[in-house]
Amino acid sequence: MASASPKSSHSTSKQNFDKVSDIAKIDFSSSEQFTSDLPNDFLGFCINCGNSASIHISDEQGGIIGSMCLSCHNESMAGLTDTDMPAHIPKKLSFHNIDGKTSKFNIEFMIFATGKTLTATQVGKVKRKIDVFGELDDDFNVMFETLKSRIKKFLSVTYMQPNGYFVESKVVGYIEFNLERQACDVIIDGKPYTWSELEKNLSAHEGWKIKIEFGDVGDVLE
Ligand SMILES: [Zn+2]
């Protein structure tokens, strides 16, 4: 039988928010292209500049008429929606933890017809993803500061124990399609879990209540 009791498994790893350095290194270098979850070769090249594309351009019927890189897409959407492009969009962020470890994130900014998003995706095996949604006229710098504070908060929280049991009675993650097994993973602490791998946590909480809540891009689940 499972030995982990939900009531006895509280860990000291949670809420060490103030241990994460306030100093974030910001890289404004333009040598690296934005990346997308989709492989570039699937999308071909930007019809505007010829760089690797990451976004499909479709017509009113939904048919794909070409692809664009994120930079050209944003310039185009900024023009169409009369939105200011930020003077500088950092491509990377690094956070230094008190334990000497560094967590690096790729930063992606995207303008849509109805808003704009800032997404930070952790670089490496552990892939935390944090995002912020803004209205078209929201200040980019405010969104960026919100993103940094959300990253720091996320880095200070550990939801899963190495044995696959939740640290406390609440877990927050995101859902991502796994191409290899053609099904969705639940990403917790930046690591993928199948639904069946999470099942033992249900057994450990038999008789308890459960809440399943989905959040959209930019939502923070508390
Ligand atoms: Zn382009």
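**Group meeting: methionine 77 and its surroundings**

Hi everyone, let me start with one residue: leaving aside residues up to four places away in sequence, methionine 77 touches Ile111 and Phe112. Keep in mind that this is a predicted model.

Where does methionine 77 sit? It lies in helix H2, which covers residues 70–81. Follow the chain 36 residues from methionine 77 and you reach alanine 113, yet the C-alpha atoms of these two are separated by 7.0 Å.

Now, is methionine 77 buried, exposed or partly exposed? It has 19 other C-beta atoms within 10 Å, and a residue needs 20 or more to be called buried, so methionine 77 counts as partly exposed.

Let's step back to the whole protein. We have 4 helices and 10 strands. Reading from the N terminus, the order is β-α-β-β-α-β-β-β-β-α-β-β-β-α. Of the 222 residues in the protein, 18% are buried. As for contacts between residues at least 6 apart in sequence, 47% of them join residues at least 24 apart.

One more helix before I finish: H3, residues 140–155. How far apart should its ends be? With 16 residues at 1.5 Å a residue, H3 should span 22 Å, and its end C-alpha atoms are indeed 22 Å apart, so the two values agree.

Which residues of H3 are buried? On the list we find Met143, Phe144, Leu147, Ile151, Phe154 and Leu155, together with two lysines, Lys148 and Lys152.

That's my tour, thanks for listening!

How values were computed
Residues are numbered from 1 along each chain as its sequence is written. This is a predicted model: local features need pLDDT of at least 70, side-chain atom pairs count only at pLDDT 80 or more; totals for chains, interfaces and linings use all residues. A residue is buried if 20 or more other C-beta atoms lie within 10 Å of its own, exposed if 12 or fewer, and partly exposed in between; C-beta atoms are placed from the backbone. Two residues are in contact if their C-beta atoms, placed from the backbone, lie within 7 Å. The expected span of a helix is 1.5 Å times one less than its number of residues.
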